[in-house]
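Hi,

Here is the structure I said I would hand over. Have a look at it first, and then read my notes below.

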Amino acid sequence: KLEGEYGNCWGHISFDPNTKLIPAHVFGKRTKENVHKLLETLKSKIDGQLPLFTSDEYDVYPEAILNQYHIKVEFPKTGERGRPKIPVLVPHPDLNYAQVVKTREKGRVVKVETKLVFGSQEKVDEILANSKVSNAVNIAFVERSNLTARQCNKRLARKTNGFSKKKEKLEQQFNLFLAYYHFCRPHGGLRIALDKPQKRRKYQDRTPAMAAGIADHIWDFKELFY
């Protein structure tokens with residue numbers, strides 16, 4: 001085991017509520033480095049796209065998002081004495097990011113608010129008004145995805161003898177789960193009505209891979225493993 005890998009291990013997850021895809025994840029300590037790694041990995045997977053970002057109030061997220069989606073402003077030399085101004089990073093003009101802020105008292109949530117971090121409220125309202133999945137800033141989708149992951153992975157179950165003892169094994173199991181989740185497991189939130197309903201069948205079940213256009217049918221285990 002490597003130094004610093006004992007104790008808690010966090011699963012940093014990105015989630016697309018439209019297709020239910022989990023395009024990027026990072027396992028490790030809840031550190032600034034791992035959050036930056038998550039956003040770097042996510043950007044490489046969705047290159048050219050800039051979605052509406054939502055998250056909880058963890059204070060590392062704004063820095064990590066800005067580090068990936070920014071414009072560098074450089075200041076011209078003035079010819080005067082002294083050090084030149086250091087370039088600054090400003091948010092990309094198309095970047096929109098809002099947080100869900102929960103107020104807790106005695107361990108219970110007593111108040112839920114939203115806070116705009118980057119972008120304009122008008123643009124965020126427009127995106128939400130045209131959304132097919134939600135008209136409000138929330139983190140319910142990723143929280144529900146986390147529940148699904150725990151239900152399908154004994155290694156993620158808390159306070160049981162099935163939790164992972166090695167980070168490597170946890171990552172391997174989760175990668176296997178992602179393959180099953182994306183290609184084999186129909187998602188209840190992705191069902192669509194059939195144009196021509198069949199006997200006893202009015203809907204078509206779909207997986208996240210089908211919703212994203214990566215697959216055209218539900219895979220079975222034989223297809224997945226071969």
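Strand β6 (residues 96-105) pairs with β7 in the antiparallel sense, over nine bridges. Pairing here needs at least two DSSP bridges between two strands, and the elements themselves are DSSP runs numbered from the N terminus: helices are H or I with at least four residues, strands are E with at least two. One bridge to look up is A98, whose partner in β7 is L116.

Before the rest, the ground rules. This is a predicted model, so local features need pLDDT of at least 70 and side-chain atom pairs count only at pLDDT 80 or more, while totals for chains, interfaces and linings use all residues. Residues are numbered from 1 along each chain as its sequence is written, and side-chain values use heavy atoms, with hydrogens and water left out.

Back to the sheet: it is open, has three strands in the order β3-β6-β7, and its pairing is mixed. β3 (52-55) and β7 (108-118) are the edge strands, each with a single partner, so one side of each has no neighbour in the sheet. From one strand to the next the twist averages 20°. Helix α2 lies across β3, β6 and β7 and runs at about 175° to β6. Axes for these angles are lines fitted to C-alpha atoms (for helices, over the stretch in contact), and angles go from 0 to 180 degrees between N-to-C directions.

Now the cores. A nonpolar core is a set of buried Ala, Val, Leu, Ile, Met, Phe, Trp, Tyr and Cys residues joined through side-chain atoms within 4.5 Å; buried means under 20% relative accessible area, exposed over 50%, partly exposed in between (1.4 Å probe, protein chains only). The largest one has 18 residues, and V35, L39, F53 and I65 have the most contacts inside it. The elements giving two or more residues to this core are α1 (32-45) and α2 (61-68). Leaving aside neighbours within four places in sequence, V35 is in contact (heavy atoms within 4.5 Å) with H12, Y58, V60, Y61 and A64. Apart from the largest core lies another, of ten residues, including F15, L170, F174 and F177.

On to helix α5 (residues 167-183). Its 17 residues should span 24 Å at 1.5 Å a residue (1.5 Å times one less than the number of residues), and the end C-alpha atoms are indeed 24 Å apart. Buried in α5 are L170, F174, F177, L178, Y181, H182 and F183. Those residues pack against β1 (10-13), β2 (25-28), α4 (140-152) and α6 (208-211).

Last, the charges. With a salt bridge taken as a Lys or Arg side-chain nitrogen within 4 Å of an Asp or Glu carboxyl oxygen, the count comes to five. Three of interest:

- K32 and E63 meet at 3.9 Å, N to O. The pair links distant parts of the chain, with K32 in helix α1 and E63 in helix α2, 31 residues apart. K32 is partly exposed at 39% relative accessible area, and E63 is partly exposed at 41%.
- K111 and E113 meet at 3.4 Å, N to O. K111 is partly exposed at 43%, and E113 is partly exposed at 37%.
- K123 and E126 have their closest N and O atoms 4.0 Å apart. Being three residues apart in helix α3 (residues 121-129), they are separated by about one helical turn.

Cheers
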